[in-house]
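Visitor: Can you walk me through the charged pairs in this one?
Guide: Sure, here it is.

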Amino acid sequence: MSRPRRIGLLGGTFDPIHLGHLALASAARAALALDEVRVVPARVPPHRPQPGASVYHRFAMAALAAVADPHLKVDDIEAQDPERTYTAVTLRRLHAAGLAPSQIFFIAGADAFAEIATWRDYPHVLEAAHFVVISRGGRTASSMRTTLPELASRMIALPPSGGAEAVDLAHPSVFLIDTPIPPISSTAIRARIAEGISLDGHVPPMVADHIARHDLYRRVPPTHGPDAAARELHEQESV
């Protein structure tokens, strides 16, 4: 009998998506033998200012970034929601669509997971999926044992090369993966754009082309609605 599919989720604003995000997805997939990773752009993020690019452009950029990797998919489950999007709500929707908590692997940088106690429905959200915590933002994944000692008993360290087959995946756990991730941030990328600095080595070339073609992050977004090409990409890539 074949094992159940393992679905990674990488949520975020992706304003814009960059090579650091893609490295997180790749690291999680390698360590846990994930069948696919779904990139989930948020329409209205709960803990951040309003994004600089429309959800259609951010979805389009995520779709362009995923083109080169057959294991990456872009999911508009949050992009279609006009309300603020929360991980707990998204996970419940995936359960309703037929995915068990043991099949879902929510990917987070250590800097974000360190604030898990502020997330909606904490600590119950930890029962809704596995969480995959990867070193990022100056924090190692292994440091979560001391940062969040109340969760240490459910934490399992995994080498970047894999090893999930040797652990029990039936019950939601917190997997810790210490591996180098490029120190890239969307904030720094927007600053580079504003200063006219090349994005080489920061975003995939097709994303850089999209940003330049639509003059993103250089001016106030238009008020007449999303760009037609970005909307078309969203419709083509929606899962």
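Guide: What follows covers salt bridges and how buried their partners are.
Guide: This is a predicted model, where local features need pLDDT of at least 70, side-chain atom pairs count only at pLDDT 80 or more, and totals for chains, interfaces and linings use all residues. Residues are numbered from 1 along each chain as its sequence is written, and side-chain values use heavy atoms, with hydrogens and water left out.
Visitor: How many salt bridges are found in the whole structure?
Guide: The search finds nine, a salt bridge being a side-chain nitrogen of Lys or Arg within 4 Å of a carboxyl oxygen of Asp or Glu.
Visitor: What does Asp15 pair with?
Guide: Its partner is Arg190, at 3.7 Å from N to O. Asp15 lies in the loop between strand S1 (7-12) and helix H1 (19-32) and Arg190 in helix H6 (residues 186-195), so the pair ties together parts 175 residues apart in sequence. Helices (H or I, at least four residues) and strands (E, at least two) are DSSP runs, numbered from the N terminus.
Visitor: Is Asp15 buried or exposed?
Guide: Asp15 counts as buried at 5% relative accessibility, while Arg190 is partly exposed at 28%. Buried means under 20% relative accessible area, exposed over 50%, partly exposed in between (1.4 Å probe, protein chains only).
Visitor: Different topic: which residues are linked in a network?
Guide: Salt bridges link Arg5, Glu36, Arg38 and Asp75. Arg38 and Glu36 meet at 2.8 Å, N to O; Arg38 is buried at 19%, and Glu36 is buried at 10%.
Visitor: And what about Asp215?
Guide: Asp215 forms a salt bridge with Arg218 at 3.8 Å, N to O. Asp215 is partly exposed at 27%, and Arg218 is exposed at 52%.
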